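Student: I've got a protein structure open and I'd like to go through it with you. Can we take it one piece at a time?

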Amino acid sequence: MEFSFPPCTIAVNMPDTGTLLSEVKSRLRAGEGFALATINLDHLVKLAKDPGFRPVYAAQDLVCADGNPIVWLSKLAGRPVSLVPGSDMVVPLASLAAREDAPIALMGSTPEALAEAAEALKARVPSLRIAAQIAPPMGFDPTGPDARRILLDIAASGARLTFIALGAPKQEMFAAFGREVTPHMGFASIGAGLDFLAGRQQRAPEWVRAIAMEWAWRMLSNPRRLAKRYLDCALILPGEAVRAWRLRRS
């Protein structure tokens, strides 16, 4: 599945969880870096509105589908992919890192949330080594001097995989910058994944996720912040459906 935002094309090249974990394992063993992005409708809205975000997203090595609408569009295009939510991949990726003896770093959120997320991860993956926990300051520029210093500090810690919880587009910008500054490092942009682990945000119940209504649950839990975001997502969906149909016929 792919999305066109000239001059860039964004391809969902990790079609399922197994493919993603296999690719990350291969890169960790080879000492190769990567940037993982988890695309959803909100990202498509940002890509449509912000031309500067497009080359950043195109620089992500691995892209998976983080929302049911992306899965539906892929089926309409005749290029089906499976749902691989970034929040659901934190523990599997951490478990893989532990098995490969690859220390990780946590970057984003607040010091308190990072400490709680680290504790939760260690409880689930006892052999995991967490080499660094970094909460950037307010107004953090993901491609500025502070970002470069943080990347070098993470590299010096021995971490080989960094979970970035900054939200889009900052996390993808930091990951793309990291691919330049520390090309041997792996980066996974996971949005609220660490806050979910820390218990700072509550994930929708499994039955809500099973019926593909997590977006509604989230919006109702915080309508002031999320109603406009989901309206924008709803407005972009018909045009993306038309483009997906054209992909099917091409």
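Student: Okay, let's start with β3. Is β3 largely enclosed by the rest of the structure or left open, and how many of its residues are buried?
Tutor: Keep in mind that this is a predicted model. A residue is called buried when its relative accessible area is under 20%. Phe34, Leu36 and Thr38 point one way from β3, while Ala35, Ala37 and Ile39 point the other way, and all are buried. So β3 is largely enclosed by the rest of the structure, the count of buried residues being 6 of the 6.

Student: Which strands does β3 pair with, and over how many bridges?
Tutor: Strands of a sheet pair through backbone hydrogen bonds, either parallel or antiparallel. With β8 (residues 186–189), β3 runs parallel, and Phe34 stands opposite Gly186, while Ala35 stands opposite Phe187. With β4, the pairing is parallel too, and Ala37 has Val63 as its bridge partner. That makes 3 bridges to β8 and 4 bridges to β4.

Student: What is the order of the strands in the open sheet, and which ones sit at the edges?
Tutor: The sheet has 6 strands with parallel pairing, in the order β4-β3-β8-β7-β5-β6. From one strand to the next, the twist averages 15 degrees. An edge strand pairs on one side only, and that points to β4 and β6 (130–134).

Student: Which helix packs on that sheet, touching β5, β6, β7 and β8?
Tutor: Look at residues 145–157. The direction of this helix makes about 160 degrees with that of β6. The helix you want is α7.

Student: On to the nonpolar cores: which element gives the most residues to the largest one?
Tutor: That core has 35 residues, and Leu20, Leu121 and Phe163 have the most contacts inside it. Among the elements giving two or more residues are α1 (17–30), β3 (34–39), α5 (86–99) and β7 (161–165). There's also a second, separate core of 26 residues, which includes Val45, Tyr57, Val63 and Ala176. Back in the largest core, the top contributor, with 8 residues, is α5.

Student: Which residues does Leu20 touch, if I skip those up to four places away in sequence?
Tutor: Leu20 is one of the residues with the most contacts inside the largest core. Skipping its sequence neighbours as you say, the list is Met14, Leu36, Leu62, Cys64, Val84 and Met89.

Student: How do α1 and α5 pack: at what angle, and how far apart are their axes?
Tutor: Two packed helices are described by the angle between their axes and the distance between the axes. The α1 side of the contact is Thr17, Leu20, Leu21, Val24, Lys25 and Leu28, and the α5 side is Met89, Pro92, Leu93, Leu96 and Ala97. By class, that contact has 9 nonpolar, 1 polar and 1 charged residues. The crossing is right-handed, and the values you asked for are about 35 degrees and 10 Å.

Student: Last one! Is Met1 buried or exposed, and what is its relative accessibility?
Tutor: Met1 lies in the segment before β1 (2–5). Leaving aside neighbours within four places, its contacts include Ile10, Val12, Leu73, Arg79 and Leu247. Leu73 is 72 residues away from Met1 in sequence, yet their C-alpha atoms are 8.3 Å apart. The cut-off for buried is under 20%, so Met1 counts as buried, with a relative accessibility of 10%.

Technical notes. Residues are numbered from 1 along each chain as its sequence is written. This is a predicted model: local features need pLDDT of at least 70, side-chain atom pairs count only at pLDDT 80 or more; totals for chains, interfaces and linings use all residues. Side-chain values use heavy atoms; hydrogens and water are left out. A nonpolar core is a set of buried Ala, Val, Leu, Ile, Met, Phe, Trp, Tyr and Cys residues joined through side-chain atoms within 4.5 Å. Buried means under 20% relative accessible area, exposed over 50%, partly exposed in between (1.4 Å probe, protein chains only). Contact means heavy atoms within 4.5 Å. Axes are lines fitted to C-alpha atoms, for helices over the stretch in contact, and angles run from 0 to 180 degrees between N-to-C directions. A crossing is left-handed if the near helix is turned anticlockwise from the far one by less than a right angle, and right-handed if clockwise. Ala, Val, Leu, Ile, Met, Phe, Trp, Tyr, Cys and Pro count as nonpolar, Asp, Glu, Lys and Arg as charged, and the others, Gly among them, as polar. Two strands pair if DSSP finds at least two bridges between them.
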